[in-house]
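Notebook open, coffee poured. I want to look up a handful of residues first, then the overall dimensions, then the pockets.

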Amino acid sequence: SAHTAYLTEAKKVTAARTKAAPLLAQSITRAMQGLGMQGGQFQVALAPSAQPLQSGLEEITFLVAGHAGSTPRAVGKVASGGEISRIMLGFKKALAAGANTCVMVFDEIDTGISGHTAHIVGHKLKELSEKFQVVCISHLPQVAAYGDAHFRVEKAQQNGSTESRIFRLDPAESEKEIARLLSGAKLTPSSLQNARQLIE
């Protein structure tokens, strides 16, 4: 009786997954195209599970082709750090669609990217922030410059333990922090000017 009930519910999950898989794949593929992975493709593969009573009736594999002409393969085997960052951004965007309230936290989503792609990622995060609360931890000035508010996190030792502190920055301090990301610890007039241009 329990086995029959389980199969009834598991088949409902299978039907929902089968319906959702191509929609998710299309949404993430679109996001990849807009994040500097022209010709890239994302697929969701469903295969019968080897242990249907333990993990559901199917196993799911996420496949990715980073550019046109390449064969989609398991994400973990072929995607670079930068590609995974952009795929995760696509996931967050796809899964938040239709949500009434949503907070998105991106912890170093910009890993493995730089330059023009970093600007694209920053712009996409800014777009998301028009509908959702976005918290982004970043070390890239091209991404940080898109923030509406900036915070600096500092670690300090006190009474034999390490304490983390967070400070909200005013516009002038934000400029200085972005300049530090551009040029290192020593601020120069040109790095401050570059930071100002990025923010603008």
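In which helix does Thr-29 lie? I looked it up, and Thr-29 is in helix α1. Before going on, I note that this is a predicted model.

**Entry 1: helix α1**

I stayed with Thr-29 for its surroundings. It counts as buried, because its relative accessibility is 16% and the cut-off for buried is under 20%. I then listed what Thr-29 touches, skipping residues up to four places away in sequence, and got Gly-40, Gln-41 and Phe-42.

Next I went to Thr-4, which is also found in α1, a helix that covers residues 2-33. Is Thr-4 buried or exposed? Thr-4 counts as exposed, because its relative accessibility of 52% is over the 50% that the label asks for. So α1 holds a threonine that counts as exposed, Thr-4, and a threonine that counts as buried, Thr-29.

I also wanted a distance along this stretch. The C-alpha atoms of Thr-4 and Ile-28 are separated by 35 Å, with the two positions 24 residues apart along the chain.

**Entry 2: Pro-52**

I moved on to Pro-52, whose place is in helix α2, residues 52-55. Its relative accessibility is 32%, so Pro-52 goes down as partly exposed. What does Pro-52 touch, not counting residues up to four places away in sequence? My list has Tyr-6 and Leu-57. I checked Leu-7 too: C-alpha to C-alpha, Pro-52 and Leu-7 are 9.2 Å apart in space, and 45 residues apart in sequence.

**Entry 3: Val-134**

Val-134 is found in strand β5. I have it down as buried, because its relative accessible area is 18% and the label needs a value under 20%. With neighbours within four places in sequence left aside, Val-134 is in contact with Met-104, Phe-106, Leu-125, Leu-128 and Ser-129. For a spacing, I took Cys-102: the C-alpha atoms of Val-134 and Cys-102 are 8.6 Å apart, and the two residues are 32 apart in sequence.

**Entry 4: an odd phi**

I flagged Asn-159 for its backbone. Its phi is near 50 degrees, which is positive, and the residue is not a glycine. Where does Asn-159 lie? I found Asn-159 in the loop between β6 and β7, the latter running 161-168. Asn-159 counts as exposed, because its relative accessibility comes to 78%.

**Entry 5: the whole chain**

Zooming out, I counted secondary structure: the protein has eight helices and seven strands. The C-alpha trace spans about 70 × 50 × 35 Å along the principal axes. I compared the radius of gyration with the globule rule: the protein has 21 Å, whereas a compact globule of 200 residues would have a value near 16 Å.

Buried residues are 31% of the 200. The accessible surface comes to about 12,400 Å², and carbon and sulfur atoms account for 54% of that. On contacts, I took those between residues at least 6 apart in sequence, and 47% of them join residues at least 24 apart.

**Entry 6: the largest pocket**

Now the empty space. Rolling a probe the size of a water molecule over the atoms shows where such space is left. How much space lies in the largest pocket? I get about 870 Å³. Its lining has 28 residues, and those nearest the centre are Cys-136, Ile-137, Ala-149, His-150 and Phe-151. Elements giving two or more residues to this lining are α5 (115-128), β5 (133-137), α6 (141-144), β6 (151-158) and α7 (171-183). The largest share is five residues, and it comes from β5, the strand where I found Val-134. I sorted the lining by type and got 16 nonpolar, eight polar and four charged residues.

**Entry 7: the second largest pocket**

The second largest pocket has about 170 Å³ of space. Which element gives the most to its lining? That is α7, with three residues. I noted several lining residues, among them Ala-145, Gly-147, Arg-168, Asp-170, Ser-174 and Ile-199. Ala-149 and His-150 also line this pocket, and both turned up among the residues nearest the centre of the largest pocket. By type, the lining of the second largest pocket has five nonpolar, three polar and four charged residues.

How values were computed: Residues are numbered from 1 along each chain as its sequence is written. This is a predicted model: local features need pLDDT of at least 70, side-chain atom pairs count only at pLDDT 80 or more; totals for chains, interfaces and linings use all residues. Side-chain values use heavy atoms; hydrogens and water are left out. On a 1 Å grid over the protein atoms alone, a cavity is a set of points where a 1.4 Å probe fits but cannot get out, and a pocket is an open set with protein on both sides within 12 Å along at least five of seven lines; lining residues have an atom within 4 Å of a point. Grid points are joined across faces, edges and corners, and a volume is the space filled by probe spheres set on the points. Helices (H or I, at least four residues) and strands (E, at least two) are DSSP runs, numbered from the N terminus. Ala, Val, Leu, Ile, Met, Phe, Trp, Tyr, Cys and Pro count as nonpolar, Asp, Glu, Lys and Arg as charged, and the others, Gly among them, as polar. The radius of gyration is taken over C-alpha atoms; the globule rule is 2.2 Å times the number of residues to the power 0.38. Buried means under 20% relative accessible area, exposed over 50%, partly exposed in between (1.4 Å probe, protein chains only). Contact means heavy atoms within 4.5 Å. Accessible areas come from the Shrake-Rupley method with a 1.4 Å probe; for residues, only the protein chains shown count as cover.
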